[in-house]
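The following exercises concern a ligand site and some backbone features of a protein model. Each task is followed by a solution in steps.

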Amino acid sequence: MRHLMNPLDFSVEELDQLFDLANDIEKNMPKYAKSCEGKKLATCFYEPSTRTRLSFEAAMLNLGGSVLGFSDAGSSSAAKGESVSDTIRIISCYADICAMRHPKEGAPMVAASKSKIPVINAGDGGHQHPTQTLTDLLTIRSLKGRLGGFTIGLCGDLKFGRTVHSLINALSRYQDITFIFISPEELRVPDYITEMLTEKGIAYQEVIRLEEVMPKLDLLYMTRVQKERFFNEEDYIRLKDFYILTKEKMELAPKDMLILHPLPRVNEISVEIDDDERAVYFKQAQYGVYVRMALILTLLEIHVD
Ligand code: NCD
């Protein structure tokens, strides 16, 4: 039995197969409509979510399966003091696969170690968010036609942003990628990530001003400042509007540079950009459903001819 805790749990070849499957699902949805009949997905969300939880649920419903779960720790037995290890033992009796989001780093991993069903990490604290990374990679591969040979700028809260940590990890396995980290000093990407890049001999640059690097980018990955992970509100207020992507700044960008964002957006991308062809963040959310469908089929070992 397989779980998904980290994007590196799948090899590059396995990811290619997963993305091929996701692209086939995109083109031939009806073919998959009954593939998970009789199967149940449990969504155990101890932290807020819109896209991740609902796209998992939509994915399972699109496959003909059903869903159960909770969307807030307060309405689960966690409020009575139950551990994730006990909860997952119980969920294992009720469902065939589980997607879990938790504010504590490593909680889904603890759950996986006690589980009788595949567990998917749907975000653990400021650590990892592998299914967002699968979504990001599928979006890039589908729209750019490749996963390698580009310069990617990651902008915003690179310290607490788990989507950024997972994406850098995953992209570090592809050829000819240059990373440009764009953040205020206080929100720089953690040392363990830059050390990993240095060890692998992968080029990166750290800058504060977005305008300075914009003309070089093939991809711009924007993120919000992660309010819930700040220790004091003053710092959050000082940093929250550090970057706002406007039409003016977009004039500096190459004509084919794609803008990605895991969403939710707060203020960091002006709504006037939404109509720009290069803004693909809403498409990205759609790819999130296809890739989660492919992931559920893969972890449940269901093959559709
Ligand atoms: C992200 C997350 O939860 O980390 N959201 C998502 O799943 N698409 C990004 C964020 O909350 O900023």
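**Exercise 1. Identify the residues around the ligand and classify them as nonpolar, polar or charged.**

Solution. In this predicted model, the ligand is surrounded by Arg51, Thr52, Arg101, His129, Gln132, Arg162, Thr163, Arg224, Gln226, Pro262, Leu263 and Pro264. Next, sort these residues by class: three are nonpolar, five are polar and four are charged. Finally, assign the shell to secondary structure: α2 (51–62) and α6 each contribute at least two of its residues.

**Exercise 2. Determine which polar atoms of Thr52, Arg101 and Leu263 lie opposite the ligand, and at what distance.**

Solution. Begin with the side chains. Thr52 places a polar side-chain atom 2.8 Å from a ligand oxygen atom. For Arg101, a side-chain N or O atom is 3.1 Å from an oxygen atom of the ligand. Then turn to the backbone: an N or O atom of the Leu263 main chain lies 3.0 Å from a ligand nitrogen atom. As a last step, consider the cover of the ligand: on its own it has 320 Å² of accessible area, of which the protein covers 95%. The space that the ligand takes is the largest pocket.

**Exercise 3. Locate the cis peptide bond and state which loop holds its residues.**

Solution. The reference case comes first: most peptide bonds are trans, and most residues other than glycine have a negative phi. Leu263 and Pro264, by contrast, are joined by a cis peptide bond with omega of about 10°. Pro264 is in the loop between β9 (258–260) and α11 (281–299), and Leu263 lies in the loop between β9 and α11 as well. Both Leu263 and Pro264 also appear among the residues around the ligand.

**Exercise 4. For Leu263 and Asp176, establish the sign of phi and decide whether each is buried or exposed.**

Solution. Take Leu263 first. Its phi is near 65°, a positive value in a residue that is not glycine. The relative accessible area of Leu263 is 13%; this value is under 20%, so Leu263 is buried.

Asp176 is likewise not a glycine, and has a positive phi of about 55°. Its position is in the loop between α6 (162–171) and β6 (177–182). The relative accessibility of Asp176 is 62%, which is over 50%, and therefore Asp176 counts as exposed. The two positive phi values thus occur in a buried residue, Leu263, and in an exposed one, Asp176.

Methods
Residues numbered from 1 in each chain as written. Predicted model: local features only at pLDDT ≥ 70, side-chain atom pairs only at ≥ 80, totals over all residues. Heavy atoms only, no water. Helix = DSSP H or I, 4+ residues; strand = E, 2+ residues; numbered from the N terminus. Buried < 20%, exposed > 50% of the residue type's maximum accessible area, 1.4 Å probe, protein only. Near = heavy atom within 4 Å. Polar contact = N/O pair within 3.5 Å; in protein donor to acceptor, adjacent residues only side chain to side chain. Areas by Shrake-Rupley, 256 points an atom, 1.4 Å probe, with all protein chains shown as cover. 1 Å grid on protein atoms, 1.4 Å probe; cavity = no way out; pocket = protein on both sides within 12 Å on 5 of 7 lines; lining within 4 Å. Sits in = over half its atoms within 2 Å of the grid points. Nonpolar A, V, L, I, M, F, W, Y, C, P; charged D, E, K, R; others polar.
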